[in-house]
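Please read this report with the sequence and the coordinates to hand. It deals with charged side chains and then with the faces of one helix.

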Amino acid sequence: EPWCLAFDPSFLMASLKADSINKPFAQQCQDLIKVMEDFPAKELHTIFPWLVESIFGSLDGVLVGWNLRCLQGRVNPVEYSIVMEFLDPG
């Protein structure tokens, strides 16, 4: 992954935004986990606002995020388990 070579916040943000459009949901989650594991929080502070909005939606309702309110395990078990694993504090 390109963000492993050197930390460039603007490049990382551009890559994550492109991935959120082009990659399947499961791959997006795996990539986000890798990014969060590879860099300390102080280096990632620039992407946190985007990350929170992309997951939970924006306060003004323009971005719906992952639409967690409508995600149900019995309706879409694969996405549900991916989200639960991603959001697991462990």
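## A buried aspartate and its partners

In this predicted model, D19 has a relative accessible area of 14% and is therefore buried, since buried means under 20%. The side chain of D19 meets that of K23 in a salt bridge, with a nitrogen-to-oxygen distance of 3.7 Å. K23 itself counts as partly exposed, at 29% relative accessibility.

K23 also forms a salt bridge with D31, and here the closest N and O atoms are 2.6 Å apart. D31 counts as buried, because its relative accessibility is 3%. Side chains of opposite charge can pair when their charged atoms come close.

## A pair within helix α2

How many salt bridges does the structure hold? There are three, and one of them joins the side chains of K34 and D38, with a distance of 3.0 Å from N to O. Both residues belong to helix α2, which covers residues 25–38, and because they are four residues apart in that helix, about one helical turn separates them.

As for their surroundings, K34 counts as partly exposed at 31% relative accessibility, and D38 is likewise partly exposed, with a relative accessible area of 33%. Elsewhere, salt bridges that share partners join D19, K23 and D31 into one network.

## The two sides of helix α4

Which residues of helix α4, spanning residues 48–56, are buried? They are W50, L51, S54 and I55. When the helix is seen down its axis, these buried residues fall within an arc of 120 degrees, so they line one face of α4.

The face of α4 that is turned away from this buried side carries P49 and F56, which are exposed residues.

## What covers α4, and what follows it

The cover over the buried residues of α4 includes three helices, namely α1 (residues 9–22), α2 and α5 (residues 77–87). Helix α2, which contributes to this cover, is also the helix in which K34 and D38 lie four residues apart.

Just after α4 comes G57, and this residue takes a positive phi of about 90 degrees.

Terms used. Residues are numbered from 1 along each chain as its sequence is written. This is a predicted model: local features need pLDDT of at least 70, side-chain atom pairs count only at pLDDT 80 or more; totals for chains, interfaces and linings use all residues. Side-chain values use heavy atoms; hydrogens and water are left out. A salt bridge is a side-chain nitrogen of Lys or Arg within 4 Å of a carboxyl oxygen of Asp or Glu. Buried means under 20% relative accessible area, exposed over 50%, partly exposed in between (1.4 Å probe, protein chains only). Helices (H or I, at least four residues) and strands (E, at least two) are DSSP runs, numbered from the N terminus. The arc is that of the directions from the helix axis to the C-beta atoms. Contact means heavy atoms within 4.5 Å.
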